[in-house]
Amino acid sequence: MYRRAQKQEKAAENFELPFGGKLASDNRWVIMANMIPWSKFEAEYAEIFSARMGAPAKTFRMALGALIIKEKLGISDRETVEQIRENPYLQYFIGMSAYSNESAFDPSMLVHFRERIDIELVNKINQEIVRKMLENKQEVEVRAKKPEVEDSKSKPANRGKLILDASCAPADISYPTDLGLLNQARKQTETIIDTLYKSLLVRNINKPRTYRNKARKDYLAVAKKRKPTVKERRKAIRKQLQYINRNLTHIQQLINLGASLLKLSNSQYKMLLVVAEVYRQQLWLYENQKISIQDRIVSLNQPHIRPIIRGKAGRTVEFGAKFSASYYDGYVFLDHISWDNFNESGDLKSQVEAYKNYTGYYPESVHVDKIYRTRENRAWCQERGIRISGPPLGRPPQNVSPEKKKQAAYDERIRNCIEGKFGQGKRRFSLGRVMAKLPHTSFTAIAITFLVMNLSTLLLRLFCVFFCLFFKTESFFTSSIIETDISFNLKQQKLIFFLD
């Protein structure tokens, strides 16, 4: 059951503190709380709950705010709860009306928050926040250029620069090897055999022999070697396959004798299915002497993870979710994400159309790397008057004008913006190692990272505006602000942010 809060968007001055005083309105958490449209998406969040049955759930602001705090500070679930308990600004950010020294919720609730707030809802919130800022920015620009806008009321021309790229968000798993994966699968089957044998009502047979000590010695004999040969590795894999095959046969025999799979826990039953699939894949790879197979499992605990071939220096393969993102005007958006590998060039049309639906016009230029520059994408962009970066197809000309060289260098240089955003997400935030274990909660964690990066960009721009207005050094800071793509009209001496 979900109950809407009466006054969820309470002013910071009205937040009750036990020791007196008021919260500072220029605090970063107060500013971010005013940027996020909490009430607009609360109805969509409330639809997943029953109208009458169940205990009252935590509010939408508390759920989303806790996830943002965790990502912004880069801390664990337990530390997030402790930080909220100790900090009145964080309590105001999640919608509390007064300071409390007790924990607002249990750390395990963050798992439920990630399950309830899916990736679609986070992306909508991210787009709405940026749309609000862009609309205010356009209002300032329209006031400054009102005569020119009135003269050109025809079809809107292409404007802006759209930057596209794809990357991978690695999951928190150990580097998978065939031998190590089979050893883990063998140990899981041994645990399942122990559980099923205990569930037999009539034990008229001896407990099946698993040879677990011998199997472990065979595994360690190769795993401890610094550089085992191919022959030694294949021999060790063959032995582990034989051990798993024997254990799976014992499990089937125990079931035929009356052992019930209901005695297994949900995690054990799921693990049995995963082990059977891992055995099938590894047996096919061993018999056919191949190194790849479709939908290859690389983790028993997270079987949804797939190897992503990236071709980067020092790390050719990554294990996690692959995503395609777009960047414009300093903001980054998550457009497509999947556990399976995909060709990002197929997302160019949908990303450009999303840009048009978002802004009302096509971009003037699209800056992408080589994989996006297919004949189909080039022709599609040319029909809409969009310039795509990169050299034209065909044999390169012998004489290239200095203007084209300068344009090509600028196109490559401007792509550093989205690469920098990927670096920020992986080094500063949790995009470099996703700690969530479930497939849908991992998507939510990745989407929250993009949301927090845009909120950080808004805070940085707000700080720059206040800094320039305070020192009144517009002529000194104008060039640096333009170079960093911070578009504010400082001559108006007016803040364009819309704070509810």
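**A pocket, two aromatic residues and the cysteines**

The second largest pocket has a volume of about 770 Å³. Its lining comprises 29 residues. Closest to the pocket centre are Thr177, Asp178, Arg233, Ile291 and Arg296. Several elements each give two or more residues to this lining. The helices among them are helix 9 (178-198), helix 10 (212-223), helix 11 (230-256) and helix 12 (266-288). Strand 2 (307-312) and strand 3 (315-328) also contribute in this way. By class, the lining holds 19 nonpolar residues, together with five polar and five charged ones.

The model is predicted. Its chain has 500 residues, of which 46% count as buried. The secondary structure comes to 18 helices and six strands. Contacts between residues at least 6 apart in sequence were examined. Of these, 72% join residues at least 24 apart. The chain exposes about 27900 Å². Carbon and sulfur atoms supply 51% of that area.

Tyr211 lies in the loop between helix 9 and helix 10. Both of these helices also give residues to the pocket lining described above. Tyr211 is partly exposed, because its relative accessibility of 35% falls between the 20% limit for buried and the 50% limit for exposed residues. Leaving aside residues up to four places away in sequence, Tyr211 touches Tyr243 and Arg246. The C-alpha atoms of Tyr211 and Asn247 are separated by 9.6 Å. Along the chain, Tyr211 and Asn247 are 36 residues apart.

Trp29 is found in helix 1, which spans residues 28-35. Its relative accessibility is 3%, so Trp29 counts as buried, the limit being under 20%. With residues up to four places away in sequence again left out, Trp29 touches Ile69, Lys72, Leu73, Tyr89, Leu90 and Phe93. The C-alpha atom of Trp29 is separated by 8.1 Å from that of Tyr92. Trp29 and Tyr92 are 63 residues apart along the chain.

The cysteines were considered last. A disulfide is a covalent bond between the sulfur atoms of two cysteines. A search of the whole structure finds zero disulfides. Cys168 is buried, with a relative accessible area of 0%. Cys417 has a relative accessible area of 31% and is therefore partly exposed, between the limits of 20% and 50%.

Methods. Residues numbered from 1 in each chain as written. Predicted model: local features only at pLDDT ≥ 70, side-chain atom pairs only at ≥ 80, totals over all residues. Heavy atoms only, no water. 1 Å grid on protein atoms, 1.4 Å probe; cavity = no way out; pocket = protein on both sides within 12 Å on 5 of 7 lines; lining within 4 Å. Points joined across faces, edges and corners; volume = space filled by probe spheres on them. Helix = DSSP H or I, 4+ residues; strand = E, 2+ residues; numbered from the N terminus. Nonpolar A, V, L, I, M, F, W, Y, C, P; charged D, E, K, R; others polar. Disulfide = S-S within 2.5 Å. Buried < 20%, exposed > 50% of the residue type's maximum accessible area, 1.4 Å probe, protein only. Contact = heavy atoms within 4.5 Å. Areas by Shrake-Rupley, 256 points an atom, 1.4 Å probe, with all protein chains shown as cover.
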